[in-house]
Amino acid sequence: MGIAENISRLRIKIPEHVTLVAVSKTMPVALIQEAYDAGHRVFGENRVQEMIEKRDHLPQDVEWHLIGHLQTNKVKYIAPFVSLIHSVDSLKLLSEINREAARANRKIDCLLQLRIAREESKFGLQFEDAIQILNAAEYKNFQHIRLTGVMGMATFTDDEQQIRAEFQMLARHFEELKARYFPGDGAFRELSMGMSDDYELAMDTGSTMVRIGTLIFGERNYKREN
Ligand SMILES: *Cc1c(COP(=O)(O)O)cnc(C)c1O
């Protein structure tokens, strides 16, 4: 099966209002080009270096999403072009994105990454940390970022009940942040959750953005990093 077929098979299951982010990490440019030629434009990478190298070899209208952990000292490399950063996990990082976006004369869309998995994971904010960021005086002065929602990853497990419960928790957190901090703000609308193994569950629980690698490009030699 080719990449074009994989994407059209997914497209049948994913409604129009849900954005499909094709996760191309570790995949060569030729395969990304194949997806592009099939009409796909939104790609997710988890490493800055890999993203900027691939970008040089692909059409300019690709929308690049950063889905992996972002170090503050690397923000400057992607600020000129990145279309969405899914993995904001500190006020310090948000501040740096704001600074580099200003230098690049842009406003960058960002998601707060919330920690929902029961398993030990290094990245992601507790809900209370997200509240703290949104209450911070510094945050209110950021003119060059726009928070458009939240992202989360469920525990890597076969237990569907657990995954569902974690997605439901993320959806509740999203609704609560929206009600408290973004009332009437149509821009705060993205709930980025769901990967190859759990995207249908995620859509059942309100996902607006699924990040899918394996089902499009085939197996990688590693599954995920967190
Ligand atoms: C790798 C990765 C994905 C995609 O995983 P698949 O199981 O291949 O679909 C989605 N989100 C994040 C944050 C990832 O790192």
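Here are some short exercises on this structure, each followed by a worked solution.

Before you start, note that this is a predicted model, in which local features need pLDDT of at least 70, side-chain atom pairs count only at pLDDT 80 or more, and totals for chains, interfaces and linings use all residues. Residues are numbered from 1 along each chain as its sequence is written, and side-chain values use heavy atoms, with hydrogens and water left out.

**Exercise 1. Find how many salt bridges there are, and work out which parts of the chain Arg41 and Asp61 tie together.**

Step 1. Start with the rule: a salt bridge is a side-chain nitrogen of Lys or Arg within 4 Å of a carboxyl oxygen of Asp or Glu. Side chains of opposite charge can pair when their charged atoms come close.

Step 2. The count by this rule is nine salt bridges.

Step 3. One of them joins the side chains of Arg41 and Asp61, at 3.3 Å from N to O. Arg41 is in the loop between helix H2 (29-37) and strand S2 (42-45), while Asp61 is in the loop between helix H3 (48-55) and S3, so the pair ties together parts that are 20 residues apart in sequence. Helices (H or I, at least four residues) and strands (E, at least two) are DSSP runs, numbered from the N terminus.

Step 4. Now look at accessibility, where buried means under 20% relative accessible area, exposed over 50%, and partly exposed in between (1.4 Å probe, protein chains only). Arg41 is partly exposed at 27%, and Asp61 is partly exposed at 41%.

**Exercise 2. Describe the salt bridge between Lys54 and Glu50, and say whether the two residues are buried or exposed.**

Step 1. The side chains of Lys54 and Glu50 meet at 2.8 Å, N to O.

Step 2. Both residues belong to helix H3, and because they are four residues apart, about one helical turn separates them.

Step 3. Lys54 and Glu50 are both buried.

Step 4. Widen the view: Glu45, Glu50 and Lys54 are linked in a network of salt bridges.

**Exercise 3. Follow the salt bridge between Arg146 and Asp109, then describe the lining of the second largest pocket.**

Step 1. The side chains of Arg146 and Asp109 form a salt bridge of 2.9 Å, N to O. This pair links distant parts of the chain, with Arg146 in strand S6 and Asp109 in strand S5 (residues 108-114), 37 residues apart.

Step 2. Arg146 is partly exposed at 37% relative accessibility, whereas Asp109 is buried at 18%.

Step 3. Next, the term pocket: on a 1 Å grid over the protein atoms alone, with a 1.4 Å probe, a pocket is an open set of points with protein on both sides within 12 Å along at least five of seven lines, and lining residues have an atom within 4 Å of a point.

Step 4. The second largest pocket is lined by 13 residues, and Leu84, Asp109, Arg189, Glu190 and Met209 lie nearest its centre. Strand S3 (63-66) and strand S6 (145-152) are the elements that give two or more residues to this lining.

Step 5. The volume of the second largest pocket is about 200 Å³, where volume is the space filled by probe spheres set on the grid points.

**Exercise 4. Find which residues come nearest to the ligand, and trace the contacts of Ser192.**

Step 1. Twelve residues are around the ligand (a heavy atom within 4 Å of it). Lys25, Ser196, Gly213, Thr214 and Arg220 come nearest.

Step 2. A ligand oxygen is 2.6 Å from an N or O atom in the side chain of Ser196. A polar backbone atom of Gly213 is 2.9 Å from an oxygen atom of the ligand.

Step 3. A polar side-chain atom of Arg211 is 2.9 Å from a nitrogen atom of the ligand. The side chain of Arg211 also makes a polar contact of 2.9 Å with the side chain of Ser192. A polar contact is a pair of N or O atoms within 3.5 Å; within protein, one must be able to donate a hydrogen and the other to accept it, and residues adjacent in sequence count only if both atoms are side-chain atoms.

Step 4. Ser192 lies in strand S7 (residues 190-192) and is buried, with a relative accessible area of 0%. Its side chain has a polar contact of 3.0 Å with the side chain of His86.
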